Amino acid sequence: MSVDLIIKNIGKLATMRGKSPFIGKAMDDIEIIENAYVAVKDGKFYEIGIGNDYNHLIDAHTIIDDAKGKLVTPGLIDAHTHLVHGGSRENEFAKKITGVPYLDILKSGGGILSTVKATKSASFEQLYDKARKSLDRMLEFGVTTVESKSGYGLELDTEVKQLKVANKLGKDHPISLIHTFLGAHAIPLEYKEDPDKFVDIIINDMMPKVKELELAEFCDVFCEDSVFNINQTRKIFKKAKELGYKLKIHADEIVSLGGAELSAEVECVSADHLMAASDEGIRLMSQKNVVANILPATSFNLNKEYANVRKMIDTNLAVSLSSDYNPGSCPSENLQFVMQLGCLGLKMTPNEVLSAVTINAACAIDRQDCIGSIDIGKDADLVIFDSPNVEYLMYHFGINHTYRVYKCGELVV
Ligand code: NIG
Ligand code: FE
């Protein structure tokens with residue numbers, strides 16, 4: 001019996017196996033195997049061993065790669081992005097840094113609504129090329145799976161265009177994509193006086209069509225003050241469940257509205273942001289196993305308080321970290337910077353951060369059975385970091401530590 005690939009001479013192998021998700025103290029208590037090798041067959045992990053004990057697995061066709069004593073982790077997972085969009089918003093940057101609030105820019109027709117205009121007027125090819133460039137960057141940072149949301153159309157045709165671009169990229173690019181419909185991302189100006197009418201259009205026109213076209217697995221809502229309120233969000237989720245979508249929510253990002261509580265009530269797979277989540281909301285989420293997907297680069301960029309992750313971990317919530325890559329609140333594809341903010345901003349330990357961008361992020365997109373850890377039978381997605389240990393990844397910040405990336409056993413970086 002021979003394998004396709006051996007990665008030998010791994011200084012430290014962070015397998016992230018054992019539980020999915022890691023909660024509480026388990027987030028810090030990860031398995032590190034020293035002087036390890038990993039064997040891959042048919043794109044899946046086949047064996048994990050120590051030293052040079054792999055001779056029984058090789059023949060003339062086996063590729064042997066030398067990790068040169070470096071750190072190996074599972075491929076990183078970015079479980080929250082707004083990958084496909086037109087244009088950029090550096091014109092709002094000056095306003096933002098002088099302190100004009102994010103929601104005020106949105107209320108005046110800027111923010112998300114200005115990206116909606118740019119996305120509507122962009123062609124399929126323009127959106128595809130721009131998003132492809134972002135995916136290339138993410139891959140360079142060691143990201144092998146990305147969740148991608150629509151939400152810059154706010155009408156059926158443009159939402160479908162965005163989702164079709166993402167679905168095509170999922171087939172063309174080495175990164176695997178998970179698709180989310182976020183028609184409820186902002187209230188278009190023409191429905192400002194009657195937002196419930198827009199909610200009805202989302203429910204009756206957009207959600208069934210997107211499902212029929214099989215373009216999205218998840219449905220998400222930006223539940224926020226002056227965007228979608230709790231009752232509107234609940235109504236959208238009720239219909240989403242009937243149609244067979246899994247649920248995600250932008251919850252309690254700026255104002256404490258009760259989004260965390262709602263995520264537990266409707267059993268979302270993840271609730272994201274949570275900077276203003278209540279203690280009760282956090283408790284209810286942990287009871288219902290909702291993953292808390294925290295986006296610290298957004299806090300950093302909006303100059304807001306960080307989410308209270310220490311409390312979440314103490315409450316036995318499964319915490320994941322993602323980029324929230326988008327043209328407004330987080331114009332950066334760099335998940336390694338997010339990891340560094342996990343330590344520097346959220347006060348997580350390096351091991352907790354690694355749990356949060358691997359196995360726990362897999363749970364945030366319901367892919368824990370096939371990715372997120374280096375374990376026999378899972379997809380052979382891994383990163384060799386030019387780093388001697390996990391701590392060094394977070395300590396030496398602002399640079400790219402990637403040495404090599406494998407996706408399903410293929411060398412892609
Ligand atoms: O997750 N909060 C809502 N949506 C994005 C921002 C999108 C934008 O500003 O374009 C977020 O932060
Ligand atoms: Fe977002």
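Visitor: What makes the pair formed by the side chain of D324 and an oxygen atom of ligand 1 a polar contact?

Guide: In this predicted model, an N or O atom in the D324 side chain is 2.8 Å from an oxygen atom of ligand 1. The cut-off for such a pair is 3.5 Å, so this one counts as a polar contact.

Visitor: Which distances put R89 and H273 on that list too?

Guide: For R89, an N or O atom of the side chain is 2.8 Å from a ligand 1 oxygen. For H273, a polar side-chain atom lies 2.9 Å from an oxygen of ligand 1. Both values are within 3.5 Å, so these are polar contacts as well.

Visitor: How much of ligand 1 does the protein cover?

Guide: On its own, ligand 1 has 330 Å² of accessible area, and the protein covers 100% of that. As for where it is placed, ligand 1 sits in the largest cavity.

Visitor: How many residues surround ligand 1, and which are closest?

Guide: There are 15 of them, with Y102, Y152, H185, D324 and S329 the closest. Sorted by class, the shell holds 8 polar, 4 nonpolar and 3 charged residues.

Visitor: Happy to zoom out! Why is the protein called as compact as a globular protein of its length?

Guide: Let's start with its parts: the protein has 15 helices and 16 strands. Its radius of gyration is 21 Å, and the globule rule gives 22 Å for 413 residues; the two are close, so the protein is as compact as a globular protein of that length. Along the principal axes, its C-alpha atoms fill a box of roughly 70 × 45 × 45 Å.

Note on methods. Residues numbered from 1 in each chain as written. Chains lettered and ligands numbered in written order. Predicted model: local features only at pLDDT ≥ 70, side-chain atom pairs only at ≥ 80, totals over all residues. Heavy atoms only, no water. Near = heavy atom within 4 Å. Polar contact = N/O pair within 3.5 Å; in protein donor to acceptor, adjacent residues only side chain to side chain. Areas by Shrake-Rupley, 256 points an atom, 1.4 Å probe, with all protein chains shown as cover. 1 Å grid on protein atoms, 1.4 Å probe; cavity = no way out; pocket = protein on both sides within 12 Å on 5 of 7 lines; lining within 4 Å. Sits in = over half its atoms within 2 Å of the grid points. Nonpolar A, V, L, I, M, F, W, Y, C, P; charged D, E, K, R; others polar. Helix = DSSP H or I, 4+ residues; strand = E, 2+ residues; numbered from the N terminus. Rg over C-alpha atoms; globule rule 2.2 N^0.38 Å.
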